[in-house]
Amino acid sequence: MSTLIRHVLLDNKPVDILICNNKIEQIAEHIPTALSDEIILGDGKAIIPAFYNMHTHSAMTLFRGIGEDKDLFEWLQKDIWPREEKLTKEQVYVASKFAILEMIKSGTVLFNDMYPFASSTEQAADEMGVKMLSSCVAFDLFNPKMTAEKKQSMNEFMERKISSSYIKKTVSCHAVYTVSEELLCFARDLAQKHHTFLHIHLAETQKEVDDCVEKTRLTPTQYLNKLGLLTDKTILAHCVWLNEEDRKLIKEKGCLIAHCPTSNLKLNSGQMPFNLYKEEGLKISLGTDGASSNNSLSMFSEMKIAALSAKGQSHNITAGKVEQILNASQQEPAQFLGLNAGLIREGALADFILLDLNNLFLQPQAFLKSHLVYSAESSAVSDVCSNGRFILKDKHHPFENEIIDSFLKVSESII
Ligand SMILES: [Zn+2]
């Protein structure tokens, strides 16, 4: 299967782009139409790499707006965990589809998820054609019975065969304050055994750090390092409160930070020192976190908040440069995941967005990159291609109405 995109703007120059199977085969001034099965007119559109959302809980779209203005621990204990206990796998499927629709419409083609009933979210991702890092979440609240049950379900999850090219099985742990040492070590071994990524919330709040130091005499980062969980396949969500030694460890081990500035600001957890971390050479990607602590899954708004937060936190006007912020949502995560993506070039994976250049938020067009971070919204996205397959065409998703209707029915039954 091949698709030719005619006259699309790439770095301010009109080009033709040929997509074969899941790759960008050729970029040239003119490519003969005979080479393709399908033609897409790119006039009035610009091509950019698609976004990778490196930390989210997609089915939490169901809880958007619930329990506002509370800090992380009160919000989790009073508003979120009691509701999550009652969720069913069908509800998670419907809520995940709705979340993925929002992601597609805002240019995201890959998400790193952490949530119960992962197989329901996998089904939704596979049906909608977006890539998902999926996991069975380690979470035992230091209860030995739960530890044993979790070990079994995590093992079963990893042994289950998946045929979809969109799903990558990974291991995740909720956090050091909800997972016992025994289960953290089990998760470490499981990730090593399956040569896969390990994903955990880390140093999200000052309280998490203080409690961990009191209990173990180590910061959460040092504690994870002692247990052998920090590797070049570890994705650390948040990392708001890192000291110098923590940062050295994370850099030395080659972990990827998933920075979630909106969630950190909204839950009053603090602001990650983006500029300092960049200066020290840490790898930073962006994540939206779940829709109940953000409350959006759009990487456009996440990029804007990331840039503003970097400046506000450091009191440095040069912090959070446009290129750095775009890199965190495109090239850095792609590289970390071992994907030839995050750039529009021949041979790269065909993960990209076509922007509608007539969109109000992209004017004047001379400053497109800046607009992507500071003014663009989902309405600027015209088409989305994931693994060479167009999953949004001319702002239209074929099952949009059905997905919204099903979600509304489920959400009414939950609130
Ligand atoms: Zn999270």
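Here are three short exercises with worked solutions on the predicted model above.

Residues are numbered from 1 along each chain as its sequence is written. Because this is a predicted model, local features need pLDDT of at least 70 and side-chain atom pairs count only at pLDDT 80 or more, while totals for chains, interfaces and linings use all residues.

**Exercise 1: overall build**

Work out whether the radius of gyration of the protein chain agrees or disagrees with that of a compact globule.

Step 1. Take the radius of gyration over C-alpha atoms, and use the globule rule of 2.2 Å times the number of residues to the power 0.38.

Step 2. For 415 residues the rule gives a value near 22 Å; the protein chain has 21 Å, so the two agree.

Step 3. Add the box: along the principal axes, the C-alpha atoms fill roughly 65 × 45 × 40 Å.

Step 4. Count the elements, which are DSSP runs numbered from the N terminus (helices: H or I, at least four residues; strands: E, at least two). The protein chain has 15 helices and 18 strands.

**Exercise 2: two domains and their contact**

Find which elements give two or more residues to the side of domain 1 that touches domain 2.

Step 1. Set the bounds, which come from an automatic or database domain assignment: domain 1 is 2-49 + 350-400, and domain 2 is 51-336.

Step 2. Over C-alpha atoms, the centres of the two domains are 29 Å apart.

Step 3. Call two residues in contact if their C-beta atoms, placed from the backbone, lie within 7 Å. Domain 1 then brings 20 residues to the contact, and domain 2 brings 20 residues.

Step 4. On the domain 1 side, the elements sought are helix H14 (368-374), strand E17 (381-386) and strand E18 (389-392). H14 gives the most, with five residues.

**Exercise 3: the faces of helix H4**

Determine which residues of H4 are buried and how they are arranged about its axis.

Step 1. Check the span, expected to be 1.5 Å times one less than the number of residues. H4 (residues 144-159) has 16 residues and reaches 23 Å from first C-alpha to last, close to the expected 22 Å.

Step 2. Count other C-beta atoms, placed from the backbone, within 10 Å of each residue's own: 20 or more is buried, 12 or fewer exposed, and in between partly exposed. Thr-147, Lys-150 and Met-154 come out buried.

Step 3. Using directions from the helix axis to the C-beta atoms, the buried residues fall within an arc of 65°, so they line one face of H4.

Step 4. Exposed residues on the other side of H4 include Lys-145, Ala-148 and Glu-149. Strand E9 (137-138) and helix H5 (181-193) are among what covers the buried residues.
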